[in-house]
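Q: I am new to this structure and should like to learn how to read its features one at a time. Could the lesson begin with a single residue and then move on to spaces and the ligand?

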Amino acid sequence: MGRLHENARIWINGRLYDEEHATVSVLDHGLLYGDGVFEGIRVYGGRVFLLEEHIRRLYESAKAIRLQIPYSPDALTAAVRETVQINRLQDGYVRLVVTRGAGSLGLDIRKTSDPQVIIIAATITLYPAEYYEKGLQLVTASTVRNLSSALSPRIKSLNYLNNILAKIEATDAGCVEALMLNHKGEVAECTGDNIFVVRDSVIRTPPPEAGILEGITRNAVIRLAREAGHTVLETPLTRHDIYIADECFLTGTAAEVVPVIRLDGRTIGDGRPGPVTRQLLQRFHELTRRGGFE
Ligand code: PMP
């Protein structure tokens with residue numbers, strides 16, 4: 001039985017397959033070692049949102065792990081658009097994956113060949129509307145975010161165990177997201193979202209050096225906030241900064257902009273989504289309708 005929409009077509013290395021036949025080798029190092037990179041991208045009104053930014057980050061991630069993507073960025077951009085069209089996707093989600101390819105049962109990348117470039121255009125299950133109206137609760141995970149000097153969180157790699165372990169903690173605590181700290185105890189990000197606080201009308205978010213994935217939604221929201229006249233600082237944060245914030249929100253491709261109203265049992269602000277969060281969510285929706293920045 002299919003897991004995607006009916007007649008879904010999946011692009012692998014230039015060919016389209018139905019779901020049942022869209023497969024990769026069990027010797028692929030993407031499977032054996034999580035050796036590969038990926039992107040999650042939204043489609044709004046038939047248009048692929050911020051595709052250039054996602055393509056750029058994919059190639060940067062690939063470069064960092066010395067993975068040569070066997071297509072030019074332009075060719076891959078065209079392939080993503082083509083796959084969205086063929087699947088007649090109006091509003092949905094694209095998963096773009098590049099694996100190291102099949103190799104021997106060892107770590108040596110020289111013994112691998114044929115990186116698999118995969119494009120899955122799918123429908124998306126959104127967070128319930130209630131989260132946007134009432135806000136989310138978070139817990140701090142005991143799982144520390146990967147040490148940048150060991151495996152940089154700036155690489156969007158196929159190895160997501162660090163995030164999965166923290167997500168398990170969120171679920172155990174009855175939350176949908178968990179806050180992850182870096183090895184210094186500073187705020188890094190959530191398991192699949194970046195985090196922002198607002199206090200005394202200043203918006204703050206951790207810098208990339210805090211050990212985070214530099215989210216494309218994060219960067220778009222920083223730009224929207226500045227265009228709206230807000231001061232936005234990329235600065236180290238502690239949990240205390242979140243406890244005493246007036247407002248807190250998360251950003252991500254799937255979540256967009258979602259308010260946070262509690263962390264570790266502390267109510268943030270008055271426990272309701274605040275005005276800055278609501279304004280940015282509205283501006284973000286406008287941006288998705290426009291199809292991106294000019
Ligand atoms: N941090 C992590 C760890 C993520 O997986 C994601 C989602 N890709 C984000 C942040 C948000 O990034 P983006 O806005 O590019 O989706």
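**Reading the model, feature by feature**

A: Let us begin with one position: Leu147 lies in the loop between strand E7 (136-140) and helix H5. Please keep in mind throughout that this is a predicted model.

Q: Is Leu147 buried, exposed or partly exposed, and why?

A: The relative accessible area decides the class, with buried meaning under 20% and exposed over 50%. Leu147 has a relative accessibility of 36%, and therefore counts as partly exposed.

Q: Which residues does Leu147 touch, apart from its neighbours within four places in sequence?

A: With those neighbours left aside, Leu147 is in contact with Ser152 and His183.

Q: How far apart in space are Leu147 and Ile109?

A: A separation can be stated along the sequence and through space. For Leu147 and Ile109, the separation is 38 residues in sequence and 23 Å from C-alpha to C-alpha.

Q: What do the two separations give for Arg15 and Ala79?

A: Arg15 and Ala79 are 64 residues apart in sequence, and their C-alpha atoms are 10.0 Å apart in space. Arg15 itself belongs to strand E2 (residues 15-18). Its class is exposed, because its relative accessible area is 56% and the cut-off for that class is over 50%.

Q: Where is Thr191 placed, and which residues does it contact?

A: Thr191 is found in the loop that joins strand E9 (187-190) to strand E10 (194-199). Its relative accessibility is 7%, so Thr191 counts as buried. Beyond the four nearest places in sequence, Thr191 has contacts with Tyr160, Asn163, Ala166, Lys167, Glu177, Ala178 and Met180. With Glu177 there is also a polar contact, made between the two side chains at 2.8 Å.

Q: What should be noticed about the phi angle of Leu50?

A: Most residues other than glycine have a negative phi. Leu50 is not a glycine, yet its phi is positive, at about 50°. The residue sits in the loop between strand E4 (47-48) and helix H2 (51-64). Leu50 is buried, because its relative accessibility is 8%.

Q: What is the phi of Glu256, and where does this residue lie?

A: Glu256 has a positive phi of about 65°, although it is not a glycine. This residue is part of strand E14. Its relative accessible area is 9%, so Glu256 is classed as buried.

Q: How many cavities does a search of the whole structure find?

A: For an enclosed space, one may ask about its volume and then about the residues that line it. Here the search finds three cavities of 30 Å³ or more. The largest has a volume of about 80 Å³. Its lining consists of Arg145, Asn146, Leu151, Ser152, Pro153, Ile155, Ser157, Asn159, Tyr160 and Asn163. By class, these are four nonpolar, five polar and one charged residues.

Q: What is the volume of the second largest cavity, and which residues line it?

A: The second largest cavity holds about 50 Å³ of space. Among the residues that line it are Asp246, Cys248, Val260, Ile268, Arg272 and Thr277. Strand E13 (247-252) and strand E14 (256-263) are the elements that give two or more residues to this lining. E14 gives the most, with three residues. The lining divides into six nonpolar, two polar and three charged residues.

Q: How much space lies in the largest pocket, and what lines it?

A: A pocket is read in a similar manner, by volume and then by lining. The largest pocket contains about 920 Å³ of space. It is lined by 33 residues, and those nearest its centre are Tyr93, Arg95, Lys156, Gly192 and Ala254. Elements that each supply at least two lining residues include strand E3 (36-44), strand E5 (92-99), helix H5 (161-172) and helix H6 (216-227). The lining comprises 12 nonpolar, 12 polar and nine charged residues.

Q: How many residues surround the ligand, and which are the closest?

A: The ligand is surrounded by 17 residues, the closest being Lys156, Tyr160, Glu189, Thr217 and Thr253.

Q: Which atoms of the ligand pair with Tyr160, Glu189 and Ile216?

A: In such a reading, one names the atom on each side and then the distance. An N or O atom in the side chain of Tyr160 is 2.5 Å from an oxygen atom of the ligand. A nitrogen atom of the ligand lies 2.6 Å from a polar side-chain atom of Glu189. With Ile216, a polar backbone atom is 2.8 Å from an oxygen atom of the ligand.

Technical notes: Residues are numbered from 1 along each chain as its sequence is written. This is a predicted model: local features need pLDDT of at least 70, side-chain atom pairs count only at pLDDT 80 or more; totals for chains, interfaces and linings use all residues. Side-chain values use heavy atoms; hydrogens and water are left out. Helices (H or I, at least four residues) and strands (E, at least two) are DSSP runs, numbered from the N terminus. Buried means under 20% relative accessible area, exposed over 50%, partly exposed in between (1.4 Å probe, protein chains only). A polar contact is a pair of N or O atoms within 3.5 Å; within protein, one must be able to donate a hydrogen and the other to accept it, and residues adjacent in sequence count only if both atoms are side-chain atoms. Contact means heavy atoms within 4.5 Å. On a 1 Å grid over the protein atoms alone, a cavity is a set of points where a 1.4 Å probe fits but cannot get out, and a pocket is an open set with protein on both sides within 12 Å along at least five of seven lines; lining residues have an atom within 4 Å of a point. Grid points are joined across faces, edges and corners, and a volume is the space filled by probe spheres set on the points. Ala, Val, Leu, Ile, Met, Phe, Trp, Tyr, Cys and Pro count as nonpolar, Asp, Glu, Lys and Arg as charged, and the others, Gly among them, as polar. A residue is near a molecule or strand if one of its heavy atoms lies within 4 Å of it.
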